[in-house]
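Hi,

Here is the structure I said I would pass on to you. Have a look when you get a moment, and my notes are underneath.

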Amino acid sequence: MDVVPDADVEAVEAVDGVFLTQGAVGGDTSIQRFEIEPGEGVPEHDHPHEQIGVITAGTLTFLVDGEERVVGPEDTYVIPGGEPHAAENRTDELVVGFDIFSPPRANPDWGE
C-alpha cells in the first residue's frame with residue numbers, strides 16, 4: 001500500500017487561481033485535490049481520462065456542451081473522457097474538491 005501524505009505534496013498553480021495537488025497514483029487511477037479561488041476557473045479543455053469528482057467546499061459551475069451545471073458541497077460528478085468542459089468559481093468562496101482520473105493523469109500543463 002502506498003500513502004501520499006498531503007503535507008508532502010506541493011500544490012501547482014495550473015492557471016491563475018487554480019491549484020492542483022497530485023495525490024496517490026495507481027496503475028489504473030489517480031486522485032488530485034483542487035482549489036479554485038473566487039472568480040477564477042479552468043478553461044475549456046478535454047482529455048482522454050474519465051474524470052469523477054466531489055466538491056468538498058464551495059460551489060463550482062461546469063460548462064459542458066453549452067449547458068451550465070452547478071455542483072455544490074458533497075455533490076459528485078462524472079465527465080466522460082474526450083468531453084470538452086470548463087469550470088468557473090462564480091462565488092466569493094474558495095472551491096475545494098477531488099478528482100479521480102482513469103487512466104491516471106498527472107498535473108496538466110495549461111501553458112501549452
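Below is what turned up when I went through it.

First, keep in mind that this is a predicted model.

On the overall fold, the protein has 10 strands and zero helices, so the pattern along the sequence is simply β-β-β-β-β-β-β-β-β-β. The radius of gyration comes out at 13 Å, close to the 13 Å that the globule rule gives for 112 residues, so the protein is as compact as a globular protein of that length. If you want a feel for the dimensions, the C-alpha atoms fill a box of roughly 40 × 30 × 30 Å along the principal axes.

Now the annotation. An unreviewed UniProt entry puts "domain: Cupin type-2" on residues 33-100. In the model, that span is 60% strand and 0% helix, and its end C-alpha atoms sit 9 Å apart.

Next, charges. Side chains of opposite charge can pair when their charged atoms come close. The count here comes to four salt bridges. One of them joins Asp6 to Arg33, with 2.6 Å between the closest N and O atoms. That pair links distant parts of the chain: Asp6 belongs to the segment before β1 (12-15), while Arg33 is in strand β3 (residues 30-36), and 27 residues separate them.

There is also a patch of negative charge on the surface, where Glu44, Asp46, Asp65 and Glu67 gather. Two of these are worth placing. Glu67 is in strand β7 (residues 67-71), and Asp65 is in the loop between β6 (60-64) and β7. Asp65 also has a backbone detail to look at: its phi is near 50°, a positive value in a residue other than glycine.

One last backbone item: which peptide bond is cis, with omega near -5°? That would be the bond from Ser102 to Pro103. Pro103 lies in the segment after β10 (95-102).

That's the lot from me. Shout if anything is unclear.

Cheers

Methods:
Residues numbered from 1 in each chain as written. Predicted model: local features only at pLDDT ≥ 70, side-chain atom pairs only at ≥ 80, totals over all residues. Heavy atoms only, no water. Patch = residues over 30% accessible without salt bridge, like charges linked within 9 Å, V, L, I, M, F, W, Y side chains within 5 Å. Areas by Shrake-Rupley, 256 points an atom, 1.4 Å probe, with all protein chains shown as cover. Salt bridge = Lys/Arg side-chain N within 4 Å of Asp/Glu carboxyl O. Lys, Arg positive; Asp, Glu negative; His and termini not counted. Charge placed at Lys NZ, Arg CZ, Asp CG, Glu CD. Helix = DSSP H or I, 4+ residues; strand = E, 2+ residues; numbered from the N terminus. UniProt positions renumbered as here; feature names shortened; annotations may be inferred. Rg over C-alpha atoms; globule rule 2.2 N^0.38 Å.
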